[in-house]
Each structure stands twice: as C-alpha cells, then as structure tokens.
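Visitor: Could you take me through one part of this model at close range? I'd like a single connected tour rather than a quick list.

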Amino acid sequence: KVPAMTDTIVFLDHGSLAPGTVLRPPAFAHQWIDHDETKPGEVAARIKDATIVVSNKIKVGAAEMDAAPGLKLIAVCATGTDIIDLAAAKERGITVCNVRGYAEHSVPEHAFGLILTLRRQIIGYLADVKAGKWQQAGTFTFFTHELRDLYGTRLAVVGRGSLGQGVATIAKGFGMEVVFVGRKGDAAPDAPLIPWDEAIETADVLTLHCPLTPETRGMIGLDEFQRMKRTALVINTARGGLIDEDALVQALTEGLIAGAGMDVVSSEPPPAEHPFMALVGRPDFILTPHTAWAGNTARAAMAEQLIRNIENFKNGTPANIV
C-alpha cells in the first residue's frame with residue numbers, strides 16, 4: 001500500500017516518447033504509473049487516484065479532472081498545451097506546466113530539412129534516378145524538376161519564440177531575408193513585425209512556429225494560398241490545425257504554391273482517407289510523422305525539464321506554468 005504522503009504520478013502516453021528516452025525518477029516519495037498509450041475513454045479511470053498527471057498528446061478535459069479529486073498538477077511533456085482544458089484546470093486550482101525551448105535546435109533543423117528537400121527537389125530527383133532516367137538522358141546531368149536557390153529570397157516566420165528564432169538564424173546563414181509576421185488581421189503591427197497580408201503575398205518560404213489557439217486555428221486557408229507566390233513553400237512543424245488541410249491539397253493540386261512540408265496533421269496519425277495521404281510521393285509535398293522535435297539532444301533536454309518541472313512544483317517553486 002502506498003503511503004498517504006506519497007504522490008501518485010500517472011504518465012498517460014509514455015510510449016509516445018522515442019525509444020531510448022530516459023526519465024529519471026523525481027527526487028521525492030512517489031508512485032509512478034506508466035501507460036504506453038491511453039484511449040480517450042480510459043483517461044478518467046486511469047487518473048482517478050493521481051496527484052500528478054503527465055501527458056504528451058492525450059487530452060485531459062473538465063470531466064477527466066473531476067474524476068481525479070486529488071489532482072494538483074498536469075505536466076505536459078511538450079510545448080503545445082491545446083490538449084488540456086486550461087480554463088477547467090484554472091477553475092479547479094490545478095496547475096498546468098509545459099516544457100519549453102528543449103527543441104530549439106531540433107525543430108529548426110527539421111524545418112530547414114523540409115525547405116532544402118523541396119527547394120532542391122531531392123525527392124523528385126531520387127525517384128528519377130531510381131527509375132533509370134539518368135541513364136536514359138545519356139548526359140552528365142538532366143533536368144526534370146526546377147531548382148531554386150534560397151539565397152536572396154524571403155523567409156516569413158510566424159512565431160518569435162525560440163523555434164522561430166532558431167529557423168531565422170539558420171536562414172540568415174543561407175543569405176535569406178528574414179521577416180517575422182504580425183497577427184492575422186493586424187494591418188499595422190509593431191516593428192519589427194510585418195503585416196500578415198504583406199507576408200502572405202511576398203514570402204518565398206512561409207514557416208509556422210506558433211501555438212494552436214482559437215485565434216490561430218485555420219489561419220492559412222484558401223484565401224492565403226491564392227495570394228501567395230506561385231513559387232512559395234509552406235512549412236509547418238507546429239500544429240496541424242493551423243492550416244486548412246483541404247485548402248492545402250487544393251493549393252498543390254492547382255499549382256497555387258510550389259510545395260509544402262508538413263510535420264504535423266490535425267489528426268495524428270492521419271487516417272488512410274486523410275487528404276494528405278493522397279499527396280504522399282509527390283515531389284512537391286513532404287509529410288513526416290511529427291518527428292521535428294525528436295532529435296537526440298532535444299529528447300534528453302525534454303526529459304530532464306519534465307522531471308524538473310514536477311520537482312519544482314513539489315518544492316513550491318513551480319516553473320513553466322501555462
């Protein structure tokens with residue numbers, strides 16, 4: 001029997017962490033209960049005795065909180081907290097914290113991996129070489145896909161946190177012009193931000209690094225795609241819901257933009273009938289399985305910060321409160 005003073009910590013989706021990610025035990029008396037995955041209908045029963053809940057992508061809403069009368073802390077082992085009903089947590093006196101800045105190198109590197117793969121048409125040329133087109137060409141090279149340089153082009157970054165800043169740093173090394181984008185609907189944002197409409201219409205590459213909120217959901221839709229350069233790329237390593245996914249499919253199908261690199265989808269994993277799945281294999285579209293955050297150094301930093309968040313809360317010095 002666990003002593004009354006011992007905290008019960010329930011991790012709802014430990015299996016969502018990459019293999020080899022090590023979580024050290026928090027430095028206080030506790031019972032740690034691991035679940036590799038948890039279905040929506042299982043959350044309430046699994047956290048009913050918890051004082052601390054850890055979640056990566058499992059939603060915890062008002063009903064689940066009510067089922068856990070002793071719940072004091074929800075520790076999200078990610079930066080995005082749209083999985084938690086923050087208003088319900090506040091009403092019930094439940095603290096919510098997240099991990100921040102841990103992927104400040106991993107996500108920007110992945111974003112630029114998507115950009116370079118699309119701009120240099122690596123997928124298309126790999127497929128052509130595999131199909132024997134180099135031999136068929138009979139020359140030292142061949143040109144079946146248009147190549148565009150990054151030097152001198154404009155990168156528009158939505159989000160000025162550590163991830164957006166990290167992408168900006170890499171872009172400057174490539175000789176790109178970097179601009180940060182104001183909120184949609186704000187025609188005159190404070191410097192150094194540029195207006196949303198200007199960014200949409202002038203960006204050669206548009207990359208998203210902002211949270212998913214009611215205000216940002218669907219922020220990139222058909223209207224935006226229609227106003228973009230036909231040579232533009234759209235990159236999303238933030239949250240799938242930021243983009244109208246049907247509109248993106250239409251934009252690529254009709255040639256409204258030159259390419260899109262996605263690491264996130266509104267429903268993960270996407271069902272077989274998701275519109276993105278019909279695009280997989282096209283040279284102008286890349287879909288990676290939400291792995292931008294998962295570099296080895298990022299995983300280690302995330303694991304340590306998660307445990308420190310829990311320990312800080314227990315010690316009366318909570319950090320990274322949302």
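Which residues of β8 point one way, which point the other way, and are they buried or exposed?

Guide: Happy to, with the reminder that this is a predicted model. In β8, V205 and T207 point one way, while L206 and L208 point the other way. Both sets are buried.

Now look sideways, at the strands next door. β8 (205–208) pairs with β6 in the parallel sense, over 4 bridges. One contact to click on there is the bridge between L155 and V205, the latter being the β8 partner. β8 also pairs with β9, a strand of residues 233–236, again in the parallel sense and over 4 bridges. Here L206 has V234 in β9 as its bridge partner. To get from β8 to β9, follow the chain through helix α9, residues 222–227: the three elements make a right-handed β-α-β unit.

L206 is a good place to step from the strands into the packing. The largest nonpolar core has 35 residues, and L206 is among those that touch the most other members, together with I220, F225, M228, L248 and I257. As for where this core comes from, β8 supplies at least two of its residues, and so do β6 (154–158), α8 (196–202), α10 (245–253) and β10 (259–262). The largest share, 5 residues, comes from α10. In general, nonpolar side chains in soluble globular proteins tend to be buried together.

Try centring your view on M228 next. Leaving aside residues up to four places away in sequence, M228 touches L206 and V234, the bridge partners you just met, along with I200, I220, L256 and I257. Apart from this core lies another one, of 24 residues, with F11, L23, V99 and V107 among them.

If you have a minute left, swing over to α5 for a helix to set beside the strand. This helix covers residues 122–130, and its buried residues are G124, Y125 and D128. Seen down the axis of α5, those residues fall within an arc of 90 degrees, so they line one face of the helix. The general background is that an α-helix has 3.6 residues a turn, so residues three or four places apart point the same way. On the other side of α5, L126 and K130 are exposed. The cover over the buried residues of α5 includes α6, residues 133–137. Just after α5, you'll find G132 with a positive phi of about 85 degrees.

Terms used: Residues numbered from 1 in each chain as written. Predicted model: local features only at pLDDT ≥ 70, side-chain atom pairs only at ≥ 80, totals over all residues. Heavy atoms only, no water. Buried < 20%, exposed > 50% of the residue type's maximum accessible area, 1.4 Å probe, protein only. Arc of directions from axis to C-beta. Contact = heavy atoms within 4.5 Å. Core = buried A, V, L, I, M, F, W, Y, C linked by side-chain atoms within 4.5 Å. Pairing = 2+ DSSP bridges. Right-handed = clockwise from strand over helix to strand, strands pointing away.
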